[in-house]
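Hi everyone, thanks for coming. Please take a moment to look at the structure, and then I'll walk you through a few places in it.

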Amino acid sequence: MTYLYICKVVLYILLSVFNVLLLVLSVCTKGLRVTQFKFSVCMYCTSALCIGVGSFSDPNDLPGLAHFLEHMVFMGSEKYPSENGFDAFLKKHGGSDNASTDCERTIFQFDVQRKRFKEALDRWAQFFICPLMIEDAIDREVEAVDSEYQLAKPSDSHRKEMLFGSLAKPNHPMSKFCWGNAQTLKTEPREKNINVYKRLREFWKRYYSAHYMTLAVQSKESLDTLEEWVREIFSQVPNNGKPKPDFSDQLSPFETPAFNKLYRMVPVRKVHALTITWALPPQEKHYRVKPLHYIAWLIGHEGTGSILSMLRRKCWALALFGGNSETGFDQNTTYSIFSISITLTDEGFQNFYEVAHLVFQYLKMLQTLGPQQRIYEEIQKIEANEFHYQEQTDPIEYVEDICENMQLFPKEDFLTGDQLMFEFKPEVISVALKLLTPEKANLLLLSPEHEGQCPLREKWFGTQYSVEDIQQHWRELWAGDFDLNPSLHLPAENKFIATDFTLKTSDCPDTEYPVRIMNNDRGCLWYKKDNKFKIPKAYVRFHLISPVIQKSPKNLVLFDLFVNILVHNLAEPAYEADVAQLEYKLVAGEHGLVIKVKGFNHKLPLLFNLIVDYLADFSAAPDVFSMFAEQLKKTYFNILIKPEKLGKDVRLLILEHSRWSTIQKYQAVLDGLSVEELMEFVSSFKSELYAEGLVQGNFTSTVSLLTFYIRCIKLQFKKLSVEVPVLFRVVELPQKHHLCKVKSLNKGDANSEVTVYYQSGPKNLREHTLMELLVMHMEEPCFDFLRTKETLGYHVYPTCRNTSGVLGFSVTVETQATKFNTELVETKIEEFLVSFGEKMNSLSDEAFKTQVTALVKLKGCEDTHLGEEVDRNWTEVVTQQFVFDRLSREIDALKLMTKAELVNWFMGHRGEGNRKLSVHVQEEEEGSKMSLYGEVSKLTFLPASTLLASVTTITDIQAFTSTLNLYPYHKILK
């Protein structure tokens with residue numbers, strides 16, 4: 001039965017974060033529930049639609065069909081038949097779109113300029129009213145799904161999920177292959193005479209029904225106007241009236257003899273990790289109590305008396321994460337996962353049973369003490385503060401969250417159901433706690449040490465694993481009444497929780513941009529009082545620039561070690577600040593140490609001073625040093641085995657003079673380091689510095705200056721003896737095509753990458769904006785040509801490159817060597833650029849103006865939150881450019897640009913004198929493998945095939961770059 005009714009529930013919530021009135025209107029149209037938001041923040045509008053169906057509903061003979069349908073519905077509609085029409089429309093008007101398939105839900109979303117929002121809504125709605133899903137597109141789009149699957153295969157987290165899902169009872173939907181690939185969606189259906197096109201149509205008709213859907217729209221239009229649009233546009237979404245898919249009768253999928261075992265797994269990355277997992281009854285109904293969140297908060301605590309504190313003291317663990325991610329894999333209508341994942345050191349791996357025992361001791365302590373109202377109310381207070389004073393999130397993420405919340409919670413909790421803890425019910429928490437026992441746990445141990453000892457293979461991702469009983473000694477110990485560790489205890493009261501939320505009065509004139517309030521030979525401080533967002537929060541950032549960092553690969557490694565150990569030393573004393581929503585981050589930058597702190601300004605100086613104290617009094621115990629030196633080897637290895645990371649490393653090694661590569665850093669750590677060398681480096685680092693800072697938010701200039709002086713006094717550094725550039729000099733590429741082709745460092749990974757880069761040279765702000773406009777014009781045709789039509793890979797994209805002030809643009813394709821060799825991919829990129837050149841030569845004045853308008857509006861869009869403004873200002877500070885009004889200057893430049901300039905700019909890069917560099921990372925050839933973990937301490941250069949016979953190949957980067965001219969240091973200032 002088709003029905004149409006209106007149910008209005010208007011919630012008036014004054015959020016001081018936005019300083020605007022947020023109104024929520026819930027409407028039902030033919031069963032489709034709609035939430036509309038009115039904001040006065042940005043000229044971009046967003047919408048998200050959630051369908052209450054996902055991969056759990058895949059037919060058994062077509063694994064991945066739900067995911068495949070999510071791809072296919074975007075490929076034109078009866079009203080708008082162009083296959084790539086919606087993407088083209090969005091790109092033309094500065095928008096974007098995406099979609100994702102989960103176990104029981106599928107979400108679609110987009111954003112676009114406000115002026116085009118109604119038309120975009122109509123085009124988008126047609127995918128749910130009358131999608132074309134043309135039969136000719138099926139084989140091509142299967143390749144996109146397959147590429148997505150191939151890109152996911154090297155991910156250890158995805159491998160763990162697929163292995164874990166395989167432990168479910170055979171007929172449970174969790175055991176299905178949710179990704180889909182060419183085998184399940186093309187090869188096998190053909191062998192079985194299954195008509196995939198027909199089945200796609202049937203699946204869409206059965207499950208893409210209005211009464212399964214929830215829609216959220218956000219715009220500056222009036223609520224009445226939005227309601228009118230939604231009624232007009234979405235009223236034709238079909239409603240088949242059939243019952244929603246329901247899997248709630250398939251409870252306890254992991255109550256099998258195979259679950260409470262020890263599984264050993266060989267990871268792709270070099271990492272030791274222990275994951276302890278329980279499958280509990282579904283917990284979604286307890287969202288007002290959030291029992292798993294309460295337990296996870298205690299399990300994941302890093303302060304004194306916690307699991308991680310004990311493990312760190314023994315040098316057994318580096319990190320611990322506990323809880324439920326609330327994805328469909330972790331939480332659905334059949335079960336809820338509670339897992340504890342611990343990143344182990346080498347020694348921790350050798351003692352993993354003792355690590356698990358400590359976890360079980362802590363859980364037993366929680367069960368013995370029972371739920372604590374004091375702790376619950378502390379978490380409740382922290383999260384209520386954060387919600388009340390939250391900054392606006394990305395609009396797309398926001399509507400996506402809301403439309404999903406509409407599937408889960410009653411209307412009064414659409415905005416808060418996933419964020420707040422409403423009521424303390426110890427009995428609900430106790431029920432969940434009592435289930436977290438050793439005899440119900442699954443143990444999964446990841447380690448490269450398992451290679452050669454795991455005879456089993458997971459069907460879809462090929463993960464090597466083994467299964468065994470938990471050792472009898474531990475099984476018997478855990479089955480009894482084992483003793484608690486006396487060093488474990490609950491966290492004390494948190495002194496970092498803010499209580500003063502007053503907005504400070506300015507003590508100097510208000511300014512639109514940061515002003516320099518202190519400047520001397522040891523540093524400078526930029527300051528801006530926030531009077532726009534009016535929230536009791538602040539951001540403090542410092543860049544401590546040193547001349548010793550870039551002297552050698554060894555120094556870079558010592559710098560990484562220094563920062564990692566400093567973070568380790570701070571972890572316990574600063575954890576209370578972290579949970580009280582005071583965030584900090586220490587980053588080993590290319591030219592200095594970056595310190596970032598943010599949060600409620602009331603207690604923020606406490607955290608900043610704590611960091612400076614630990615920096616001033618840095619120490620490294622020998623066992624901690626050894627632990628992080630070993631971990632750093634794994635970190636560099638795990639970077640280098642990713643084709644996209646290796647490709648970037650090679651490209652920048654060629655372009656940036658005096659840059660040290662990750663491979664050189666890996667070799668330096670292999671050569672061996674000592675604690676004495678580290679302490680000598682740190683002493684040298686701290687002796688001479690130049691400190692640049694930015695303080696922005698709810699601080700006065702007086703407090704900001706005091707912060708700067710406290711830092712200077714405590715660190716007691718001298719001024720720099722020589723100026724330290726914060727960028728590299730860049731080589732001038734020859735006026736011919738060069739190719740650097742290297743072998744992938746990840747054995748057996750089919751993924752390859754091709755990047756074709758065109759260098760422009762040191763340019764000004766106007767030309768940078770011209771390059772952005774060019775890439776914006778290029779995005780949709782690039783996607784349509786290289787992915788939709790040529791099906792070369794899942795990720796294809798053009799990029800505007802700013803390499804230490806030297807401009808360029810590139811086109812990248814991530815593909816699989818099992819389908820295409822990299823030279824063929826490059827020839828296809830060239831074909832695309834030729835066709836794009838033809839398109840540019842025939843570009844109409846109207847199309848040019850439309851794209852300029854889109855970029856102007858994108859740059860003119862107001863900041864949605866204070867952090868966005870701070871990030872932009874910090875980029876100017878950390879690069880020492882200080883062009884804080886860059887956006888307005890770029891907008892002025894755009895308004896004066898002509899179509900001829902744009903066309904000539906592109907054609908100038910395509911002529912005979914172009915400076916072109918191609919970087920290929922190709923899969924290592926199959927063959928006899930002694931180990932999954934190949935040698936990553938050197939590059940293996942490969943020759944080009946005959947397809948690129950005229951290209952000059954680079955087989956020695958240092959020899960090649962040593963003959964090239966260097967551009968002067970360059971900043972884009974005007």
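Let's start with how the elements get their names: helices (H or I, at least four residues) and strands (E, at least two) are DSSP runs, numbered from the N terminus. With that, we can place Thr 437, in the loop between α15 (426-434) and β12 (442-446). Before we go on, a word on the source: this is a predicted model, where local features need pLDDT of at least 70 and side-chain atom pairs count only at pLDDT 80 or more, while totals for chains, interfaces and linings use all residues. Residues are numbered from 1 along each chain as its sequence is written, and side-chain values use heavy atoms, with hydrogens and water left out.

Back to Thr 437. Is Thr 437 buried or exposed? We call a residue buried under 20% relative accessible area, exposed over 50%, and partly exposed in between (1.4 Å probe, protein chains only). Thr 437 has 13% relative accessibility, so it counts as buried. Leaving out residues up to four places away in sequence, Thr 437 touches Trp 278 and Gln 367, where contact means heavy atoms within 4.5 Å.

For contrast, look at the loop between α22 (662-670) and α23 (675-687), where you'll find Asp 671. With a relative accessible area of 58%, Asp 671 is exposed. From Asp 671 to Pro 509 the distance is 56 Å, C-alpha to C-alpha, and the two are 162 residues apart in sequence.

Now, rings. A pair of aromatic rings is described by the distance of the centres and the angle of the planes. Rings of Phe, Tyr and Trp (its six-membered ring) pair if their centres lie within 6.5 Å; planes under 30 degrees apart count as stacked, over 60 as edge-to-face, and the rest as tilted. By this rule there are 52 aromatic pairs. Take Phe 86 and Phe 110: their ring centres are 5.7 Å apart and their planes stand at 80 degrees, so this pair is edge-to-face. Phe 86 sits in helix α2 (residues 85-92) and Phe 110 in strand β6 (residues 106-113), 24 residues apart, so to speak of one pair is to link distant parts of the chain. Both Phe 86 and Phe 110 are buried.

Remember Trp 278? Its ring and that of Phe 360 have centres 6.3 Å apart and planes at 80 degrees, so they too form an edge-to-face pair. Trp 278 belongs to strand β9 (residues 272-280) and Phe 360 to helix α12 (residues 352-369), so the pair ties together parts 82 residues apart in sequence. Trp 278 is buried, at 0% relative accessible area, and Phe 360, at 2%, counts as buried as well.Last stop: helix packing. Helix α19 (residues 604-616) and helix α24 (residues 701-715) pack at an angle of about 15 degrees, their axes 9 Å apart; axes are lines fitted to C-alpha atoms, for helices over the stretch in contact, and angles run from 0 to 180 degrees between N-to-C directions. That makes α19 roughly parallel to α24, as angles under 35 degrees count as roughly parallel, over 145 as roughly antiparallel, 65 to 115 as roughly perpendicular and the rest as oblique. Among the residues making this contact are Phe 608 and Val 612 of α19 and Ile 710 and Leu 715 of α24.

Which description fits α17 and α20? Helix α17 (residues 553-571) and helix α20 (residues 622-640) pack at about 120 degrees, with axes 10 Å apart. That makes α17 oblique to α20.
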